[in-house]
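Trainee: I would like to go through this structure with you and ask, term by term, what justifies each label.
Mentor: Then let us take the labels in turn and set each value against its cut-off.

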Amino acid sequence: MEKKITKETKIKTKWSIRSKIMAITTLIVIGVMLVFVVILQYSMRNLTQSILLDVLQPMAKQSAKAVEANVHLMADRMMALASDSRIAKKDASRAEIQEMLESADNTYEFYGIGIYDQGGNGLAVRGDVYNSLSDANWFRMMQETDNLTIADPVITSEHTAIPIGIPVKSDGQTTAYLVGMYKYDMLSDVLGAIHIGQTGMALILNKEGVIVGHPQMEVVQKGLNIYDLDREKSAHSIFDAMLTRETGVAEGMVNGQESYVAYCPVRGTHWSFAVEVPKADYEQSTNIALNNTIIGTFAALIVALAIIWLATTIISNQLKKSILRMNGLSRGDLSTQVDVTGSGDEVQILSESLKRTIENVNGYITEIRRVLEHISDGNLNVSTDGDFQGDFVVVRESLTQIIGSMTQMMRGIKRTANELMDTAQNMGNQSGEMHEAASSQTDAMERLNSEVVIIQKNLDNVTGSTEQARLRASDIAGHISDGSRKMKELTIAMEAIEKNAQDITKISKLIEEISNQTKILSLNASVEAARAGTAGKGFAVVAEEVRTLAGQSEQAAVSTMEMIQQAGELIRQGVELTQETAIALEEISRSSDEVTEIAGHLSEAVQVQETSLNEITGSIQEISAITERNLQCAERTRAASAALKMESGQLQQLLDHFHFD
């Protein structure tokens, strides 16, 4: 009957392979992910810093060049106006100067424009412009350099302008100064075009650190100093580098937060251009990207773990099938088939190996069962077939040796049983002969007793019947001689019976030794069966049967020994009685001679005859008692031989159960 796997055979483990794989995989993936996140965060920050620093420097330079371009454009315009023939000649009239200023105001983006003498006094002005330059520091610089000068933005209630001044020369000599209030758009356009990060910005500082360019106009209008806004040493070191008109990139605390700053001078001016980007702007983007990466990684991890869970579940289920089948095999289930999975991996190899193992073991067990069934049926003419491999070769060889040993043992037992049967038969025949002899002796003694009675009755007629007495005495002598001869034969038969009893004792001892060897053999077989485990259960049954048979043989041998001892005792008693009878017969023979002699001299010794007759009567009674005991001994000997023969027959029947060559 096919065994089914139930819930009772469920595998109980502290940690399943699937759980271990999932736990190890999860730990590894989480560890790798954490390392990856740390590396990614570090790499992204370094990459962001590297990119920003690499980008900010060119951006600052390009922005500074844009400011320079605007400045050069204004300078070109101012130089073109300063070289206008209407103001470049020494005798230029006020009307010509006003015409040029009006034309310039309408052409270019000026809040105002004016012509000033060498003392800074206004000769002609148009729009919102200085009436006098005598108090302007930059005017003195223009006078000293005698070149184009760009001043810091001028802030009024209405607008913010950038003053630009240039000497007006006539025949190589400075005759006046042309000053225009250029619109601040030239800077705000450049500063407003820079967008980097969320709060990143560009600014322009003069040589004192005053902010002259800022995306927020109110900052410029307040005339704030950059040193007053930031008290951090790292910021001051950056500002110092900027004011010394250096070009570079730095990292430090600016406006109360860590920032990247790229700076370079604006050529043609005393300004420095800087681009400031707070780290937080890009760290936020970096963190968002990092968070997205972590979320995506976790999603991929969940998907991967689900796939791994599915794969490990399939592998675990396949392994459970093999393990449950192996558990069934350990409980002796050799009939349930093994499901071979077509996974193409080690699990399939394990299933196929388990299937082959069960098939081979099943074949071995089937062959061993067949051999043991033959042995249990008594057929020892059986041998193991099939290809036994590995340690099962030892089992086959052991089984073959056991069969050979049992065959030899059974042959010895059968020979002993046959000899015992023959001995019992001979003992029965001899006991029958002894019984017949004892019966004949009893009859003879009864007849002798009758004769003695007749002699006693005829004692009164002895005198007249001497011849008849002599004849009777001769008959008695003959009977006594015959009785003596039979007693000798009986003595010889009793000695032969005693010798046979000794032989039977030896045979019984041989049977007892065979029984002990059989017990030892069955014990060895039980040990081999126990060593074989489940495969040796059938052979253990055979070993138990052999041990039982050995016990029965031992009991039979003990019973036979006891009976033989009893028979030997009776035989010894019979021998002693026979010897006594022989002695009595010899005495009777001598008495018979005396009777014969007395018969010849009866007339002379009647009294002696009566005395002798009394002695003969006593001797006959003793002989009768001895003969009775011999008869009883013969009866017991015949019963013992019959019991021995019956036990030998039972042993023969047990041996007939086995078939061997």
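Mentor: Let us start with arginine 126, which counts as partly exposed because its relative accessibility is 28%, a value that falls between the limits of 20% and 50%. Please keep in mind throughout that this is a predicted model.

Trainee: What makes the contact of arginine 126 with aspartate 105 a salt bridge?
Mentor: The N to O distance between the two side chains is 3.1 Å, and the rule asks for a side-chain nitrogen of Lys or Arg within 4 Å of a carboxyl oxygen of Asp or Glu, so the pair qualifies. Aspartate 105 belongs to helix H3 (residues 94-107) and arginine 126 to strand S2 (residues 122-127), 21 residues apart.

Trainee: Why is aspartate 105 called buried?
Mentor: Its relative accessibility is 19%, and buried means under 20%, so aspartate 105 meets the criterion.

Trainee: How do you know that aspartate 146 and lysine 169 form a salt bridge, and where do they lie?
Mentor: Their closest N and O atoms are 2.6 Å apart, which satisfies the limit of 4 Å. Aspartate 146 sits in the loop between helix H4 (137-145) and strand S3 (149-150), whereas lysine 169 is in strand S5 (residues 160-170). Both are labelled partly exposed, because the relative accessible area is 30% for aspartate 146 and 34% for lysine 169. In addition, salt bridges that share partners join Asp84, Arg86 and Glu99 into one network.

Trainee: What makes glutamate 68 buried and arginine 267 exposed?
Mentor: Glutamate 68 has 5% relative accessibility and therefore counts as buried, the limit being under 20%; arginine 267, at 54%, counts as exposed, since that label requires over 50%. The two side chains meet in a salt bridge of 3.3 Å, N to O, and this pair links distant parts of the chain, with arginine 267 in the loop between S10 and S11 and glutamate 68 in helix H1, 199 residues apart. Leaving aside neighbours within four places in sequence, glutamate 68 is in contact with Pro265, Val266 and Arg267.

Trainee: Why are S8 and S9 called edge strands?
Mentor: The open sheet has five strands in the order S8-S7-S11-S10-S9, with antiparallel pairing, and strand S8 (211-213) and S9 each pair on one side only. The twist averages 35° from one strand to the next.

Trainee: How do you know that S10 and S11 pair?
Mentor: Seven bridges join these antiparallel strands, and pairing requires at least two, so the condition is met. Serine 259, for instance, has proline 278 in S11 as its bridge partner. H8 packs on the sheet, touching S7, S9, S10 and S11, and its direction makes about 145° with that of S9.

Trainee: Which residues of H8 are buried?
Mentor: In helix H8 (residues 233-243), Ala235, Ile238, Phe239, Ala241, Met242 and Leu243 are buried. Just after H8, arginine 245 takes a positive phi of about 60°.

Trainee: Which members of the largest nonpolar core touch the most others?
Mentor: Leu178 and Phe273 do, within a core of 45 residues, to which helix H1 (residues 17-82) gives the largest share, nine residues. Another core, of 18 residues, lies apart from it and includes Leu205, Ala250, Val254 and Tyr263.

Trainee: How confident is the predictor in the chain?
Mentor: The mean pLDDT is 75, and 75% of the residues reach 70 or more, but over residues 1-9 the pLDDT is below 50.

Conventions: Residues are numbered from 1 along each chain as its sequence is written. This is a predicted model: local features need pLDDT of at least 70, side-chain atom pairs count only at pLDDT 80 or more; totals for chains, interfaces and linings use all residues. Side-chain values use heavy atoms; hydrogens and water are left out. Buried means under 20% relative accessible area, exposed over 50%, partly exposed in between (1.4 Å probe, protein chains only). Helices (H or I, at least four residues) and strands (E, at least two) are DSSP runs, numbered from the N terminus. A nonpolar core is a set of buried Ala, Val, Leu, Ile, Met, Phe, Trp, Tyr and Cys residues joined through side-chain atoms within 4.5 Å. Contact means heavy atoms within 4.5 Å. Axes are lines fitted to C-alpha atoms, for helices over the stretch in contact, and angles run from 0 to 180 degrees between N-to-C directions. pLDDT is the predictor's confidence in each residue, from 0 to 100.
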